[in-house]
Amino acid sequence: MTAPIIVGVDGSTPSLQALTWATREATLRKAPLRVVHAALRWAYDVPLVPQPGHWGPAEEAACEELLHRAAEQVRSHDPALKVTTEILDGNAAEAIAAVAENAQLVVVGHRGLGGFAGLLLGSVSHDLAARSPCPVVIVNQPHTTRGSEIVVGATGRADQDPVLEFAFGEASLHRRPLRAVHAWTHPASRAPGDMQPLVYDVEDVGDEEARLLAESLGGWRERFPDVPLIEQVVHKHPAKALIDASETAELVVVGARDRAMFLNSTVRALLHHARAPVAVHRTSHAPRS
């Protein structure tokens, strides 16, 4: 059975944009779509601080109606798509992460209301991207036109294989070129204890970084011969390089260290400023080879 795509909704415009994106992705992947809404259903004999708002039949009915409308929107785009709905109990990030173990993708808007109140970097989107067992796509402001390529932040590290596999898969699925962006600010350390030089030749270091990028992508070219690959090495901060690349992207894919409690500065900046949806894929940490 194909693993589902999970999308969180709350009726806000960003969550409806996420629902539209998730519906298209589910259609392309031929995957069932699971539409969820998170809510704190407070039991009066259990003290909580801060105390959630009152939960009763009216609130339950409102959530059910929200999910019904969301399911109807999905069916209007793709009547054949299998869609289910569910109210999740608890904190949004924790509740979604708990049900995402067998999902292939989680999709949320960049901010929300109700069960997804304050869905901003540092809130639900941050927590979910840091803890989800599967890739998380944060859909921000929509493009006026669809992007022309998939972008992936390429580090050249051995731990990035899951990120590259996801990015190549998306490019193949969407029939888009893949732009692998490798940004550097200082010469990389090649072994533990190596000191970074204070003076270096930018062109020479750029050539070395390009060689390392090509080596890290070589096997992926063979696995995905249908995907046109663009290798881009730039001397700038990775966040700035990926934000710039997002201007023409349909999706930007970036890795986040597995089991880390917080997203790194590059991912946080990208989620704030990217001009395309961002997929965050957790990776195990390994030293650069």
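Two strands count as paired here if DSSP finds at least two bridges between them. I begin with that rule because strand 9 and strand 10 meet it with six bridges, in the parallel sense. I also note at the outset that this is a predicted model.

**Entry 1: the whole chain**

I first looked up the overall make-up, and the secondary structure of the chain comes to eight helices and ten strands. The chain has 289 residues, of which 47% are buried. Of the contacts with a separation of 6 or more, I found that 77% are between residues 24 or more positions apart. The chain exposes about 14200 Å², and carbon and sulfur atoms supply 54% of that area.

**Entry 2: the order of the sheet**

In what order do the ten strands of the open sheet stand? Reading across, I get 3-2-1-4-5-10-9-6-7-8, with mixed pairing. The edges are strand 3 (83-89) and strand 8 (229-234), each of which pairs on one side only. On average, and with direction ignored, neighbouring strands of this sheet are turned by 25° against each other.

**Entry 3: from strand 1 to strand 10**

I then followed the pairing through part of the sheet. Strand 1 (residues 5-8) runs parallel to strand 4 (residues 105-109), and three bridges join the two; here I6 stands opposite V106. Strand 4 goes on to pair with strand 5 over four bridges, again in the parallel sense, and V107 has V137 of strand 5 as its bridge partner. On meeting strand 10 the sense is antiparallel, for strand 5 and strand 10 pair that way over three bridges, with V280 in strand 10 as the bridge partner of V136.

Strand 5 itself deserved a second look: V136 and I138 point one way from the strand, V137 and V139 point the other way, and all of these residues are buried.

**Entry 4: strand 9**

Is strand 9 (residues 249-257) largely enclosed or largely open? Seven of its nine residues are buried, so the rest of the structure largely encloses this strand. I looked up its partners as well. With strand 6 (residues 149-153) it pairs in the parallel sense over four bridges, and V151 stands opposite V252 there. On the pairing with strand 10, I found A256 opposite R282.

**Entry 5: helices on the sheet**

Helix 3 (residues 92-99) lies across strands 1, 2, 3 and 4, and runs at about 130° to strand 3. Helix 4 (residues 124-131) also packs on the sheet, where it touches strand 4, strand 5 (136-139) and strand 10 (278-283), and its direction makes about 40° with that of strand 10.

**Entry 6: helix 6**

Helix 6 (residues 202-223) has 22 residues, and from its first C-alpha to its last it reaches 32 Å, close to the 32 Å expected at 1.5 Å a residue. Even so, I noted a bend of about 40° at L217. Which residues of helix 6 are buried? They are V205, G206, E209, L212, L213, L217 and W220, so the residue at the bend, L217, is itself on this list. An α-helix has 3.6 residues a turn, so residues three or four places apart point the same way. The buried residues of helix 6 pack against helix 5 (161-174), strand 7 (178-183) and strand 8.

**Entry 7: two loop residues with positive phi**

Most residues other than glycine have a negative phi, and I looked up two that do not. Phi of K30 is near 55°, a positive value, and K30 lies in the loop between helix 1 (13-29) and strand 2. Phi of R175 is likewise near 55° and positive, and R175 lies in the loop between helix 5 and strand 7.

Are these residues buried or exposed? K30 has a relative accessible area of 69%, and because that is over the 50% cut-off, K30 counts as exposed. R175 is also exposed, at 77% relative accessibility.

**Entry 8: a histidine in strand 2**

Last, I looked up H37, which is found in strand 2 (33-39). Why does H37 count as buried? Its relative accessible area is 6%, and buried means under 20%, so H37 falls in that class. I also checked its distance from C63: the two are 26 residues apart in sequence and, C-alpha to C-alpha, 7.4 Å apart in space.

Conventions: Residues are numbered from 1 along each chain as its sequence is written. This is a predicted model: local features need pLDDT of at least 70, side-chain atom pairs count only at pLDDT 80 or more; totals for chains, interfaces and linings use all residues. Side-chain values use heavy atoms; hydrogens and water are left out. Axes are lines fitted to C-alpha atoms, for helices over the stretch in contact, and angles run from 0 to 180 degrees between N-to-C directions. Contact means heavy atoms within 4.5 Å. The expected span of a helix is 1.5 Å times one less than its number of residues. The bend at a residue is the angle between axes fitted to the seven residues ending there and the seven starting there. Buried means under 20% relative accessible area, exposed over 50%, partly exposed in between (1.4 Å probe, protein chains only). Accessible areas come from the Shrake-Rupley method with a 1.4 Å probe; for residues, only the protein chains shown count as cover.
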